[in-house]
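These are my notebook entries on one protein structure. I record what I looked up, one topic at a time.

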Amino acid sequence: MNLNQIRYALKIGQTRNFTRAAEELYISQPTLSQQIKALEAELGTELFIRGNHREVDFTKAGCIFLEYAQKIETGLDEMKIALQVNKEKTQGEIRLGLLWTFGYAGLGKIVGSFSDAYPYIHLKYRIDGTTALLRMLRRGELDIIVVTRTDELEDDVADFLITPLSESDYYLIVGDKSPFAQYSRITLDEIATTPVKLLMPGSSTTLYRQLKERFENSLSLVEIVGETPLTDATIYMAEANIACGFLAKQTYESYEGYNVRAIPIFPRISRRILAAVDKRSRNIDQTMQLMDYIQYYYRYNKVNGPCDD
């Protein structure tokens with residue numbers, strides 16, 4: 001049995017006439033009759049009652065066959081529509097905003113794998129800080145951003161789909177000559193009451209505001225030497241014993257071979273990574289494809305193929 005035979009039988013069912021069915025199918029009547037006989041032989045039963053009268057009647061088996069054949073044809077039509085929708089979703093462009101440190105959160109691997117799985121979706125990148133990326137998302141210049149948690153996002157829940165992705169504790173990063181080098185954990189009060197030089201994290205982070213409030217007062221002995229969102233700068237400054245800095249555990253663990261120590265902060269302070277999708281985006285279908293892909297990675301710590309659940 002093939003799809004043409006199903007289509008031929010359905011056309012006979014619609015026209016109730018072999019000659020008219022052949023005309024509408026743009027085939028000869030002998031060809032149509034031959035195909036129907038082959039179908040009946042394969043099924044082991046007659047589908048149509050052939051007589052001298054013009055209209056074709058159906059056998060009981062013919063009625064059953066046409067009922068299921070119609071379901072098959074409907075299913076094929078639905079499949080074609082679904083494939084067309086899928087084609088539209090798997091081509092186009094996504095404007096993606098990432099932090100400078102996106103590689104440390106595994107995002108480089110994720111977006112690379114996504115591009116391999118969906119080669120007809122073009123990823124257009126913008127690398128910047130959380131505040132700048134959020135501003136561009138609000139202006140409709142980006143479809144999705146992956147950033148650290150910020151209180152600013154709480155004002156945008158109506159327009160954005162906000163999805164938490166991962167959480168990682170912040171560590172104090174120090175060199176081997178730091179007064180904190182032998183600490184197993186440390187509090188912000190202990191840091192504030194010690195005369196040390198400190199490199200602040202990027203000003204767009206929630207941690208920055210917490211540290212600024214704690215260390216920039218008359219009782220603090222900390223000397224703030226600057227701020228940077230760059231991991232390399234934090235590591236190098238600590239290794240040279242110039243200044244302590246702060247990194248998330250997830251970021252720090254991607255670095256090896258440096259003579260620095262990472263000291264857990266107590267009570268713990270966490271960096272949360274989340275994604276924000278503009279619900280108004282013209283590329284919302286493609287963007288949600290990427291969002292699902294990113295979520296899968298963070299949930300199962302692996303990238304998924306295009307046919308995985």
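Which residue is the bridge partner of Y171 in β10? I looked it up in the model, which is a predicted one, and found that P264 takes this place.

**Entry 1: the partners of β6.** I then followed strand β6, residues 160-175, along its pairings. With β10 (residues 260-264), β6 pairs in the antiparallel sense over 5 bridges. With β9 (residues 245-248), I noted 4 bridges, again in the antiparallel sense. There, L172 of the pairing has F246 in β9 as its bridge partner. I also found that β6 and β11 run antiparallel and are joined by 9 bridges. In that pairing, F160 stands opposite D278 in β11.

**Entry 2: helix α6.** I asked which residues of α6, a helix of residues 130-138, are buried. I listed T130, A132, L133, L134, M136 and L137. I recalled that an α-helix has 3.6 residues a turn, so residues three or four places apart point the same way. I next looked up what the buried residues of α6 pack against, and found five names to write down: β3 (92-98), β4 (121-127), β5 (144-148), β6 (160-175) and β11 (270-278). After the helix comes G140, and I recorded that its phi is positive, near 80 degrees.

**Entry 3: T234.** I located T234 in helix α9. Is T234 buried or exposed? I entered it as buried, because its relative accessibility is 3% and the cut-off for buried is under 20%. Leaving aside neighbours within four places in sequence, I found T234 in contact with I173, L199, T228, G245, F246 and L247. One of these, F246, I had already met as the bridge partner of L172.

**Entry 4: L230 and a surface patch.** I found L230 in the loop between β8 (223-227) and α9 (231-239). L230 counts as partly exposed because its relative accessible area is 46%, which lies between the limits of 20% and 50%. I noted that L230 joins W100, Y125 and I127 in making a nonpolar surface patch of about 390 Å².

**Entry 5: cysteines.** How many disulfides does the structure hold? I counted 0. For reference, I wrote that a disulfide is a covalent bond between the sulfur atoms of two cysteines. I also looked up the accessibility of two residues. C63 is partly exposed, at 41% relative accessibility, whereas C244 is buried, with a relative accessible area of 6%.

Methods:
Residues are numbered from 1 along each chain as its sequence is written. This is a predicted model: local features need pLDDT of at least 70, side-chain atom pairs count only at pLDDT 80 or more; totals for chains, interfaces and linings use all residues. Side-chain values use heavy atoms; hydrogens and water are left out. Patches are made of residues with over 30% relative accessible area and no salt bridge: like charges are joined within 9 Å, nonpolar side chains (Val, Leu, Ile, Met, Phe, Trp, Tyr) within 5 Å. Accessible areas come from the Shrake-Rupley method with a 1.4 Å probe; for residues, only the protein chains shown count as cover. A salt bridge is a side-chain nitrogen of Lys or Arg within 4 Å of a carboxyl oxygen of Asp or Glu. Helices (H or I, at least four residues) and strands (E, at least two) are DSSP runs, numbered from the N terminus. Buried means under 20% relative accessible area, exposed over 50%, partly exposed in between (1.4 Å probe, protein chains only). Contact means heavy atoms within 4.5 Å. A disulfide is a pair of cysteine sulfur atoms within 2.5 Å. Two strands pair if DSSP finds at least two bridges between them.
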